[in-house]
Every structure is written in C-alpha cells, then in structure tokens.
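Dear colleague,

I am handing over the structure that we talked about, and I would ask you to keep it open beside this message while you read. What I found in it follows below the display.

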Amino acid sequence: MTHRAGAWRIAAIAATTVASMMAVAPATAKAQSAAAFAPQPHPGEHTRPDLRWGDCAGVDDPALRCAEVTVPLDHRRPRGRTITIAISRLPATDPARRRGVLLTTGGGPGGPGVPLPSSLAPMLSPDVRARYDLIGFDMRFVERSTPIGCGQAVEETGGYWVRTATPGSFPADTAEARAYARDCVRAAGWALPHATTANAARDMDVIRAALGEEKISYLGGSYAGMLGATYSTLFPGRVDRFVLDSPPYGDTAWRPYELARTPAFEAGTAAFAAWTAERDAEYGLGATAREVTDAVSGLIRRAATSPIASGGHAWTGGELGSLLVAGIYDERSFGLVAAAFADLAAGREPFVPFPLRPLPPAGVPGVPADNHTATNMAYRCGDGPWPRDPRDYLRDLATYSARYPLFGPANANITPCAFWPRVKDEPVRLSANRAPGVLVTAALRDVAVPIANSRAVAARIPGSRLVTIDAHTHAPYPSFGDPCLNGAVDDFLTTGTLPPADVAC
C-alpha cells in the first residue's frame, strides 16, 4: 500500500517496490470487456490468435513472454481513445492438468506486475504451477502500460507523496500540494480522470477476454488484493478462484483508511523499539523502547532539518522515515533497520540493501522519471473522495498529531488529492458484491494494512473465508513461509474448495 508495500516480498523491499524490470514486445490485441471467448482446444495455446507474444527484454527468464492488450481509456466510450496494457505469461507446467490463468499484479497502487510471474513461480507449490498460466500485468499508466508522470525529475521517497507537518508548516505544505496537483494536470491531465481501481478492474476483464478465458483466477497482495475485490464486484460471473492477501477495505479508500491505520503505525514502531531495546548491547540505540523511539525519531528530525551525510550520501528526513516504515512493516526487517539507524547514530555508513526511492525500469523506454509516484497519487486521488477544504486537514492534524505524535503529522496532513481534478468514475462498494466466495489471507499484526481491513473484505464477499497467522508482517502468502497459511491457499487453488470455516494458523 502506501509507501509501496507490494506483494510477496519482505516489507523492507516491498516498501520501495523493487522488482526486476523488462521491456514489452510490440504486440497488440483488441478486445471488449463484455465479450467472452472460449479457450482454444490446442494444448499450450489458450489465447486468441491476434494476441501475439514476444520476448520480455530485461528479464533473465526466456520462458516469460509478453504482449499488449488494447483497452478503452474511458470504458464508457469503448470506441474512443485507447491505451495499452502490458501483460506477461508463464505457462502452466502440466498442460494436461491446466485449469486456466492466474492473474497477478503489483501493490502500491502503482507497482509493476509484468515481472511478477518469474519471481512468484519458484515460491508456488508444484500443484499450483501445474494448473495455471501465471499472468502478470502492469495496471494502466504504470511503467509499460501507457505510462504517465507528473513532470517531476525524481521519484518521491517510497514512491509516495507525503509531507510531515511541523509547527507552522501547513501553509507551505498546502502550497506544495496544490503545485504538485497542478503539475500533474499539466503533464497527464488527459489520463487522471480515468486512473481508478474500477477502471483497472475493467481492464482486467479485457485481458480475460483477450486470453480466451471464460473465467479467471487471481492472486493479489496488498493493494492488488483490493483490486481483486473490485473486479469480483464488477464481474462476479467471471470469478473462479480468487486469493486476496492482506487487502485494504476499498470502501474506506483512501483518506479514512490512511487515518484509521495511523494507530497501527505507532504500534508497529513500539514493537520494533521493544525488540531493539532487548538487543541494546548489539545496536546501542537504548535499553528501553522509549529510548529507542527517541533515538530513531531524533535522527529523523535531525535529517529533516539538515541531511545527515554518511558514506557519500546525504540522508534526508523523508528517507529515514521511509527506512523506519520498512522496519515496522515486517518483523524480519527489524535487525536490518535497527543496524542502519545504529550506524547513522554512530557516524558510520549504514548498510541498506534496497533503494528508498523506486528505481526506473531497466530496458523500458519512455517511462517518466516520476512514474511510480505519479501513478500512486493518481489512483489514490482518483478513488476518493477527499476533503477539498484545507481547513479539514488542519483539524485532522491537530487531532491525530496529539494522539499519534510519530505518524499523525504525516498521515493526517494535506496531500495533492485536495486539489485533484474530478474523476469520471464512481467508487465500487463491496456491499454490492455477488461473487463466489474468495480466500482472504492476512497477518494479525499487519501494520501496512491492519487486520480489520481483511476481516471486512472477507465478511462482505458472501461465502468467503479468512486465514490468519499471528505474525508481524504484510501480505504473507507465500513468502512468509507459514505452512498452515500456504497450505490453505494451495488447497484452494488446486481443488477450488474453501475451508469450512475461518482458519487461525
């Protein structure tokens, strides 16, 4: 989610949406989302003949093939302007047992999905791989799919526009948010009204038709889980086996969701600080959770005033804040992030094995320098609604900063969404969902997407089941490696049978 928590990576890496990148071969296929095509009977060929596949440049996986699907910019006007959606395919390993396609894409919103089949395949069970072609896709306006930018020279830290309010900074924060929205309209105003999760779901149905499938299965983590829930609401008759891993509850997207998860950020920091304090002899950041929190937050405030130079890099407050978020997203990242802050406190060069800003996709020409930030903000602002009066944000700031001093000043602050152009779409509410039951998976101590979200999604898609693990992590399937949770997902994907009741692993 925000700060680019993607699927199937530890949060320290997922927070910056690090993935192998590729270029897409120039091939197109036109399909209308209302059309359905029966699968081709020939083994190994399950797509319409006009969907042409080519090499995926920049990826060391010759089995992965790529193509493009043409979709309407505005699905209400299918004969109007079009854009292209990049897709990738890794075939099922056993054509005799092949069931269909398993779609997936990146989190964020704004994370790429085309590379995911290659990284996901080794983590899936042999039975799952035997039954499904893995289909990745970049959502509209992301990287290979008619990419947009907002005219900025670099990505924001974490690929997400956020400003932490300080005493007296609100007028300047407001002016900066207004200017960013203006720049986005200038650079991509034609696209912004159509950057919504609902439109991305409609694109998915065009992909389904282009692949020649009557139904699709789906595996989506974090924001991609919310996208899957939206698709199941819009196209219930096209849903086969859907796995939604730690999905945000889309009915609260995005302002209410952001405010509601602020307590989880504070709790995650407390857990990280307590863990680090128990290892004071190793990290030296403090012998109590309070001492660790004060040390880390003090470094962030110091860097916000004047970047901390170390190892040839000047660390900003935004970068250190993103580093802390990476730590609190996943318990497996605690030691790495504690060591980095300890090094900075001691004047040493920290070891951070992932970039704190999204990297440009190697071998993909024409992607704007700020594509990840631009698409993240476009979807978040487009899904709305957002308060339009800056005074509403000022009131939220006063309340949340007092209750949650670490993250309230960032999560409650004004954003460019206050000045965003109106979208040409309506939010899709889960109360209208009539799809078959889905499998929802989650960790009880998830900071990125608090557990209440996954519970709400499972409750509002009739017949669904929720599988949880008692862990401090995000999007646990399959990378966290819990055999109970992974087994439940594998069983569902291979047999189609949901557990008889919710499962607490």
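The lining of the largest pocket in this predicted model is made up, by class, of 18 nonpolar, 17 polar and six charged residues. The space in the largest pocket comes to about 1,200 Å³, and 41 residues line it, with T164, I300, A304, G317 and G318 lying nearest its centre. Helices α4 (170-188), α8 (262-277), α10 (289-305), α11 and α15 each supply at least two residues of this lining. Which of them gives the largest share of the lining of the largest pocket? That is α10, from which nine residues come.

Helix α11, one of the contributors to the largest pocket, deserves a closer look. It runs over residues 317-329, which makes 13 residues, and from its first C-alpha to its last it reaches 18 Å, close to the 18 Å expected at 1.5 Å a residue. Twelve of the 13 residues of α11 are buried, so the helix is largely enclosed by the rest of the structure. If you would like to find them in the display, the buried residues of α11 are G317, E319, L320, G321, S322, L323, L324, V325, A326, G327, I328 and Y329. G317 and G318, you may recall, are among the residues nearest the centre of the largest pocket.

The second largest pocket holds about 450 Å³ of space. Of the 29 residues that line it, G382, D383, G384, P385 and P427 are the closest to its centre. Helices α5 (197-210), α6 (223-234) and α13 (371-383) each supply at least two residues of the lining of the second largest pocket, and α6 gives the most, with four residues. When the lining of the second largest pocket is divided by class, there are 16 nonpolar, seven polar and six charged residues.

Besides the pockets there are also cavities, and the structure holds two of 30 Å³ or more. In the second largest cavity there is about 40 Å³ of space, and the residues that line it are Y160, W161, V162, R255, E258, R380, W386, A410, N411, N413 and T415. The elements that give two or more residues to the lining of this second largest cavity are α7 (255-260) and α15 (408-411). Five of the lining residues of the second largest cavity are nonpolar, three are polar and three are charged.

I turn now to the charged side chains. Side chains of opposite charge can pair when their charged atoms come close. How many salt bridges does the count come to? The count comes to 28 salt bridges, and I will go through a few of them with you.

R65 forms a salt bridge with D55, and their closest N and O atoms are 2.4 Å apart. This pair links distant parts of the chain, with R65 in strand β3 (residues 65-72) and D55 in strand β2 (residues 54-57), ten residues apart. R65 counts as partly exposed because its relative accessibility is 29%, whereas D55 is exposed, with a relative accessible area of 54%.

R98 and D133 form another salt bridge, in which the closest N and O atoms are 3.0 Å apart. Here too the pair links distant parts of the chain, since R98 lies in the loop between β4 (82-90) and β5, D133 lies in strand β6 (residues 132-137), and the two are 35 residues apart. Are R98 and D133 buried or exposed? Both R98 and D133 are buried.

In a further salt bridge, D330 is joined to R332, with the closest N and O atoms 2.7 Å apart. D330 counts as buried because its relative accessibility is 0%, under the 20% cut-off, while R332, at 36% relative accessibility, counts as partly exposed. There is also a network of salt bridges, in which D74, R76 and R77 are linked.

Finally, please look at T104, which is found in strand β5 (residues 100-104). Its relative accessibility is 2%, and T104 therefore counts as buried. The side chain of T104 reaches the backbone oxygen of L219 at 2.9 Å.

With best wishes

Methods
Residues numbered from 1 in each chain as written. Predicted model: local features only at pLDDT ≥ 70, side-chain atom pairs only at ≥ 80, totals over all residues. Heavy atoms only, no water. Buried < 20%, exposed > 50% of the residue type's maximum accessible area, 1.4 Å probe, protein only. Polar contact = N/O pair within 3.5 Å; in protein donor to acceptor, adjacent residues only side chain to side chain. Salt bridge = Lys/Arg side-chain N within 4 Å of Asp/Glu carboxyl O. Expected span 1.5 Å × (residues − 1). 1 Å grid on protein atoms, 1.4 Å probe; cavity = no way out; pocket = protein on both sides within 12 Å on 5 of 7 lines; lining within 4 Å. Points joined across faces, edges and corners; volume = space filled by probe spheres on them. Nonpolar A, V, L, I, M, F, W, Y, C, P; charged D, E, K, R; others polar.
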